[in-house]
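Work through the following exercises with the sequence and the structure side by side. Try each task before you read its solution.

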Amino acid sequence: MPPDPFPRLLAGVHAIAARESTLLTTRTGHYRGPAGLHPLMHRLAPLLDGRTAESALLTRVPEPRRLAIGRCLDYLERRGALRREDRPRPEGLPDELLAVADLVDDAPYTRCSALLAAEAAVRAPAGWLPALDMGLRQLSVRSELSTAPGVLVRIGETEVAIPPDDGWLVEPVGTVERAVVAAAVAAEAVGRFLGRPTRSLPAVRAVPGLARSGPRTSPDAPLLDQWPTPAHLRALLLDPSALLPTGELSCEPPAAIRPLGTRTGPHLPAWLRAVLRCVHVPLRWESGALAHSGGWAHRGIASARAFYPIELYLVTDTGAWYVEPGELRLLPVSRPASEGSGSASPGSPYTLVLTARETKVSYRYHRYATRLCLQEAGLALAAIGDAARIAGSGVDEVVELGARGRSGPWGELLDLEADERLVGRVILDPPRHAVDPSALDRHLELVRRRHSGHRVFNALGADRVGRLGSLPAELAAFSDDTLRSYLVVHRPCLDDAGDRWEPGCYRVGGQGLALVRAGSAPTRQLQRGQDAMGWLAPDYAAASATVIVAAPVSEATADLRRLHTATAAAARIAHRVLLGAAAAGAAGRIHNSLRGDVVAAVTEDARIAPLFQLIVGCPGPDGTISVDLG
């Protein structure tokens, strides 16, 4: 008699309901299955935990359905979504560790148990040790730290080292870059111990999101049109799939950090450094087979694949400086008024100038990069203002759109290139009272917990009751006469006040949230409307709720400047939604695949264009190793 297997869904599996099919994403690829697969997987997910025998699972369904269930399990196993284990899943295996081990073809339970019992020897310069130790402790690997020369992680007989040549350990890189590379070494050591194929480690000079090599701009990337007509703007907002490139562009990405000389300017005040750290410094590193390009550095605001098209400059009465995102150093871009004195210090007030470098996004997204640049500019304005108010600083946020390059006084002062344009300013007055460091630390911790990017939801096996935290109250507090906000609840949810929110679409107004449409029909319409986006589509059935922030079509598509102003206003709401989701222990991410006709069907208002779509759900393990930086 054959043994009774224990079926288990693997981490990072997503099933998305499409028209007449199910889009299935696994570690082996993308597949289009039958339409009935999606609801069946969600009903079976709680039993596909590796602890329930297949015979016990089949006894829970009516006998006429058992053959179909068996075929479903066979299909999922062939597509790499499910594994039939010969023994039940042991207790005490962390989901995060099992998600990494699932990337190996055989014996994940044995490999996990061996890693949990392993000890790692770590040798690195003292500045690298905290991130290496953190990366190993996250997976319960005990580490023995040493300050011997070189960078090495040894687990058992498995070694991962960085050779101390080619300037690896002597070049003047900052603490953030050293931490990112150290975390990558730790993640690679764990992967090699588990049997995953080796990958080349990132060079310090080419860390995603922090690369300093390469030209300031990408010469072959398209400079974006001026978008002079409402027709162009309507396409940008109402049919985003029409503007996305059909294939990968051949353009090379420009340097992530503006290449400048090594001469540095004055030190930033402690309160301003704390504010910028919440916005402009990578706070987390993700490494794993399901992370983009094998690794991703996250900073405080959501960004298009960590490309960081928004640059920051500090302008005072003594000069202008580029704010380096990795270390927050001030690099001069103009001749300071007090140059030669040796004791220049920024005056008051402090003006942070935001610019957008189009080719950092357009080399991949072409004309759609306009929307990504405007969204990130609005999020940066909101995040700077939010953190500055917590520090007690006076804040004046100015939304503006300048010409490209060295045109105009700002372009000349900041030495902007042809792909860079002014998108906003924040004028900050120094705090009048002593800054509370604990308040800024709490805010930074909340920002650090914010998830972003790829596959953040536990698509299968998600909580039956979602968590909204303070989101309904915060949305009501952000009532804006020029915008329309909606909360689409996908599954029963609880908020901080203990109120239960049933599925449906709710309109946000000055008096709170009013029900527009009850039931799951809005969720189904959102899901069906994503089919045109293919594999970029989210799985709404895996999320708790979706927030849609929109503006009247006539207002948003009149011209680019008015679209920029409306997007910045919507970004203030989006910023609070992302932080509110993090505070509730959930994840909020921006997803731009929402078309105008879908918004009209869901909200029953055909006169609005979506500016932000924010999906809130619970994150699940997907095979990445995430390490906090600093």
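The exercises begin with the whole chain and then turn to helix pairs and single residues.

**Exercise 1. The overall form**

Task: Compare the radius of gyration of the protein with that of a compact globule of 630 residues.

Solution: Keep in mind from the start that this is a predicted model. A compact globule with 630 residues would have a radius of gyration near 25 Å, and the protein has 25 Å, so the value agrees with the expectation. Along the principal axes, the C-alpha trace spans about 90 × 65 × 50 Å. The secondary structure that fills this space comes to 18 helices and 27 strands.

**Exercise 2. Inside and surface**

Task: Find what share of the residues is buried, and what share of the exposed area comes from carbon and sulfur atoms.

Solution: Buried means under 20% relative accessible area, and residues of this kind make up 58% of the 630 in the protein. Turning to the surface, the protein exposes about 25,000 Å², of which carbon and sulfur atoms supply 52%. As a last step, consider the contacts between residues at least 6 apart in sequence: 74% of them join residues at least 24 apart.

**Exercise 3. Helix 13 and its two partners**

Task: Decide whether helix 9 and helix 13 are roughly parallel or roughly antiparallel, and then do the same for helix 11 and helix 13.

Solution: Begin with helix 9 (residues 270-280) and helix 13 (residues 437-449), whose axes come within 10 Å and cross at roughly 10 degrees. Angles under 35 degrees count as roughly parallel, and helix 9 and helix 13 are therefore roughly parallel to each other. In this pair, Ala274, Arg277 and Cys278 of helix 9 meet Leu440, His443, Leu444 and Val447 of helix 13. Sorted by class, the residues of this contact are five nonpolar, one polar and one charged.

Next take helix 11 (residues 369-390), which packs against helix 13 at an angle of about 150 degrees, with the axes 9 Å apart. Angles over 145 degrees count as roughly antiparallel, and this is therefore the arrangement of helix 11 and helix 13. The residues that make the contact are Asp386, Ala387 and Ile390 on helix 11, together with Ala439, Leu440 and His443 on helix 13. By class there are four nonpolar, one polar and one charged. Finally, compare the two lists: Leu440 and His443 of helix 13 appear in the contact with helix 9 and also in the contact with helix 11.

**Exercise 4. Another helix pair**

Task: Work out how helix 15 is oriented relative to helix 18.

Solution: The axes of helix 15 (residues 521-528) and helix 18 come within 9 Å and cross at roughly 170 degrees. That angle makes helix 15 roughly antiparallel to helix 18. Pro522, Gln525 and Leu526 of helix 15 meet Val598, Ala601 and Val602 of helix 18, and the contact has five nonpolar residues, one polar residue and no charged residues.

**Exercise 5. Two residues with positive phi**

Task: For Leu328 and Glu604, determine whether each is buried or exposed.

Solution: Most residues other than glycine have a negative phi. Phi of Leu328, however, is near 60 degrees, and phi of Glu604 is likewise near 60 degrees. Leu328 sits in the loop between strand 13 (319-323) and strand 14 (330-332), and with a relative accessible area of 2% it is buried. Glu604 belongs to the loop between helix 18 (596-603) and strand 26 (608-617), and with a relative accessible area of 56% it is exposed.

**Exercise 6. Neighbours in space**

Task: Which residues does Ser393 contact, leaving aside its neighbours within four places in sequence, and how far is Leu413 from Asp86?

Solution: Ser393 is placed in the loop between helix 11 and strand 16 (394-399), and it is buried, with a relative accessible area of 7%. Its contacts, apart from those sequence neighbours, are Trp271, Ala388, Leu428, Asp429 and Pro431. The C-alpha atoms of Ser393 and Leu272 are separated by 9.1 Å, although the two residues are 121 residues apart along the chain.

Leu413 lies in helix 12 (residues 408-414) and counts as partly exposed at 29% relative accessibility. Not counting residues up to four places away in sequence, Leu413 touches Val315, Ala320, Val333 and Ser334. The C-alpha atoms of Leu413 and Asp86, 327 residues apart along the chain, are separated by 68 Å.

How values were computed
Residues numbered from 1 in each chain as written. Predicted model: local features only at pLDDT ≥ 70, side-chain atom pairs only at ≥ 80, totals over all residues. Heavy atoms only, no water. Axes fitted to C-alpha atoms, helices over the stretch in contact; angles between N-to-C directions. Helix = DSSP H or I, 4+ residues; strand = E, 2+ residues; numbered from the N terminus. Parallel < 35°, antiparallel > 145°, perpendicular 65-115°, else oblique. Contact = heavy atoms within 4.5 Å. Nonpolar A, V, L, I, M, F, W, Y, C, P; charged D, E, K, R; others polar. Rg over C-alpha atoms; globule rule 2.2 N^0.38 Å. Buried < 20%, exposed > 50% of the residue type's maximum accessible area, 1.4 Å probe, protein only. Areas by Shrake-Rupley, 256 points an atom, 1.4 Å probe, with all protein chains shown as cover.
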